[in-house]
Amino acid sequence: MIPLSWYLIFAAALFSIGLFGVLARKNAVAILLGVELMLNAVNVNLVAFWRYRAPNMIAGQAFAIMIFAVAAAEVAVGLSLFISIYRRRKTVVANEIDLMKW
Amino acid sequence: MTLLQFVFLVIAAVTLLSAALVVSSRNLVHAALWLIVSLFGVAVLYALLDAGFLAVVQVVVYIGAIAILFVLVVMLSPVAPKDNRSQVDARWWLPGVLSVLLFGGLVWMLSLWQGFTSEVPPVADANQLLVQLGSELVSPNAYVLPFELASVLLVAAMIGAIWVAWERK
Amino acid sequence: MTTETLIWLLPLPPLAAFALIVLFTNRSKALSHSIAVAAALLSWLGSMAVFIQAIGVEHLGEHPFHSVLEWLPVGDKPFEIGVLVDPLSAVTLFFVGWTVLMIFIYSVGYHNFGQPAGDHDHPGLPPHGATVHGHTVPSVEPMYSRFFAFIALFAFGMYTLVVSDNLLTLFVGWEIMGLCSYLLIGFWFAKPSARAAAIKAFMTTRVGDVFMLMGVAYLYAATGTLSFREIFFNEEVLKHLAETPALGGFLGFSAAGLIGVLLFIGTIGKSAQWPLHVWLPDAMEGPTPVSAMIHAATMVSAGVYMVIRMFPLLSAGWEEGGPLTPAMTAMAFIGALTALFAATIALAQNDIKRVLAYSTISQLGYMIAALGIGAYVAAAFHLVTHAFFKALLFLGSGSVIHGVEHGVLHTGNHKVDPQDMFNMGGLRKKMPVTFWTFLIGGFALSGFPFVTAGFWSKDEILADAFANNLPVFLVLALSALLTAFYTMRQITLTFLGEPRTKEAAHAQETPWTMTLPLVVLSVFAIGYGWVGIPEGLTGGAIPNWFHEFVAGTLPEHLPVLEFNILPMLFSIVIALTGLGCGYYVYRNVKAGDPDPLQKPLGMVYDWLKNKYYFDQLYDRIFIQPSIWVSEVFTTLWVDRGLIDGILHGVARISYSVGGILRNDFDLPVINQFIGDGSAKVVRSAGFELRKVQTGRIQQYMVAAVVFAVGALAFFLLR
């Protein structure tokens, strides 16, 4: 059988890959792709912990579903923000969006 | 090595590989398509974890809606660059080192935990799980409030997205 | 739809009309009044449906229409609100439905709908007339829509009050009406007198309302419920309340007594009983439909309705024929006193609406006194008949004023007061419909025998008083005589004889929207009395339907009073004498004549004319002292002298201390060393540090992750 550790290591790896995408990619849309990977890693963790540690409490799955909803909202708002930013500044490269600079 | 372990390893490898391609492809359309593969792998893992419903939702919501939204935005709007310049920051080594460190740290920390290698406990009735999930999501004693909040969040996000992306003449 | 659902819906059309007019249709006069009248019509239809259902139910008192909802969770049990229609609310609903609808229709004509906008009219003043082809004609009210919004809200308050099954929602309706009466009395807010009257009405009723709220709170604390049926149909609760001494042993009252007195003070304010009666005559500053609304259909009736409603509590511990409870004693005393006192004032008033205002106070005193001596059904009966004929009289007086205003516009002499009865006379030929309906209303008010509704209800009160309490009977009989007298004085001065001014000669009948309500109401002013003819008179040929129906509201049925011909003869003689004297004294008053009563009564007349100087008295004992306290005591002595003196002293001391500190410590040490020095350090540090703020999101995140990994490492390597 598959031990819990496999899932956890897998999730940690997926999370780290996503994090790399978020930190290293230039394009804002690509950053959002990385965020999606990280959210998926979290979900895998939640479901794995639920299945291995508390199969009688449905909390793990319920929270995974909440994360689906949050992810959907985040993508919709994020992408529309990028479109809006592109209209004004003709770019979505994260390094060039520095309105908050000192 | 049992068959299940073999399946797991294959799926995990495919998922991680495509995730790596998501964060490294130069073409954003490709990255979005690799994301679909990666999400599909996660869906299979949900199925391995006896969470069949989540696997279906993963396919329907993540792949069917979110990933396709990415593909559409990348292909139909001008946000993605058309040339093939590197899509990764010039100083990519710092995020790389950080990610590896984080991965190592997480695994190390988890390995110190005694439950790290627990085996899967049996569930009485796998079909009952879905019924339980369904009733708890709408039960006032359980998750109805987060559930309703999530729906409010989705509506707000939808309105906000339309408002933000609206092209004002 | 069940009857209960219908009852829940009753108050809603006027509320919806209010919202619609305020939010959407206030620019369109026609749309606004259509909405308001339609809402009144809907509520009227509903009320009639409920009323018809109610009279079809056997023993409605024991099985009323009752429906309850949980409202607020307070403490360990939810607070419930509900609707209740028992016999008392059914008959109240009947007259409220009719009078409200009639008043709404009347308002359309009263505010000159369809006339051109005035030449110089502006919002907040009564319309002054417009010039069309060289003629001056009445002009439409500038704030027409606003008026309908307010009276719709007012109607909502009344319906809520009538159908509510507990004191709290009753109080909510009560206060909504208080607000609306303030808004409507001050409707022409650019007139200083209207502003003052609005404030006076609001403040005076507030005195009563505060006491009433205390009574409500005490009742809730004592019983844990405010529902009428849970309190009144529960022997134990009533007995418990009657036997427990009041909070702190207040004056030896029982709890029921104290609650009853507190609630009754609310009624004193609302129904303008002595000594809080002063606001009602001034409330005549509002437009006439408002006077009818406030003085007949709604607000003052609400006060009496509330005490009738609370009668089981007020009379807790009282037995038929036994000594009266404190609350009942207070009611009998104040009611009888008010009835007589207001009737005497009405004798010497010249303003047609003010006479009616005082007559209202007097008639309400009748009802309160009747309730005080335990004549429950008689009080309710008089409440209903009075609502009809007093609404009729007010609307009729509005019609008269309108007609005379027409004459004023015709002659252009604006010095003539169109409300002064001595400027009228002979209007019967000019305004026949108004005359006949006003005559019916006036005869009902004075209790003209056998035909009018007022006779039967007043007779029932007098009969009850005759049997139970002779002093009250004498006072009420005397005021009945005065009532007949001043009513006939009013009719004679207004309608009979010859016109005393050119304006009255040019008066004109008002449009159908104003006369139709008069005709409808006069039908009830006559006919409604016939449902309550004492059975003893007819030998049981006509059943006393009203008594049987309304007496069922109480858990124990009051016995029908044994018929006695004596008080009835008394009231016939009184009414006819009063009417006859009134006609005789005033039959040929010429233009410019003083009041014929002025000479024989002498100084008393001046007293009456000045309302026993109550306004001046209140001015002296309440208003002047409070102005003195604020202007002299607080402002000059306490504020300027004491507080300012202390402050000035403190200021001087601190000023000198401050000077020393400033020159010797602050400037050298704090400013130059600490202040400027630290600022320089912070400034240069900021210059260096701000480079971190690149505005690039990914650099921020790298930093965040560095710290996260660092924290992880710290816990792992520790």
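User: In this predicted model, what makes α1(A) oblique to α30(C)?

Analyst: The axes of helix α1 (residues 4–24) of chain A and helix α30 (residues 697–717) of chain C cross at roughly 140 degrees. Angles over 145 count as roughly antiparallel, and 65 to 115 as roughly perpendicular. The crossing angle falls in neither range, so α1(A) is oblique to α30(C). The two axes come within 8 Å.

User: How do you know that α1(A) and α30(C) meet, and which residues are involved?

Analyst: Contact requires heavy atoms within 4.5 Å. On the α1(A) side, A:Leu19, A:Val22, A:Leu23 and A:Ala24 take part. They meet C:Gln698, C:Met701, C:Val702 and C:Val705 in α30(C).

User: Why is C:Ser479 called buried or exposed?

Analyst: Its relative accessibility is 0%, and buried means under 20%. C:Ser479 therefore counts as buried.

User: Where is C:Ser479 found, and what is it in contact with beyond its neighbours within four places in sequence?

Analyst: C:Ser479 is part of helix α21 (residues 470–495) of chain C. With those neighbours left aside, its contacts are C:Ala339, C:Leu340, C:Ala343 and C:Tyr366.

User: How many of the residues in chain C are buried, as a percentage?

Analyst: Of the 718 residues in chain C, 54% are buried. The chain has 30 helices and four strands.

User: What is known about the charged side chains of chain C?

Analyst: Chain C carries 38 positive and 47 negative side chains. The centres of these two sets are 14 Å apart.

Definitions and conventions: Residues are numbered from 1 along each chain as its sequence is written. Chains are lettered from A and ligands numbered from 1 in the order in which they are written. This is a predicted model: local features need pLDDT of at least 70, side-chain atom pairs count only at pLDDT 80 or more; totals for chains, interfaces and linings use all residues. Side-chain values use heavy atoms; hydrogens and water are left out. Helices (H or I, at least four residues) and strands (E, at least two) are DSSP runs, numbered from the N terminus. Buried means under 20% relative accessible area, exposed over 50%, partly exposed in between (1.4 Å probe, protein chains only). Lys and Arg count as positive and Asp and Glu as negative; His and the chain ends are not counted. The place of a charge is taken as NZ of Lys, CZ of Arg, CG of Asp or CD of Glu. Axes are lines fitted to C-alpha atoms, for helices over the stretch in contact, and angles run from 0 to 180 degrees between N-to-C directions. Angles under 35 degrees count as roughly parallel, over 145 as roughly antiparallel, 65 to 115 as roughly perpendicular and the rest as oblique.
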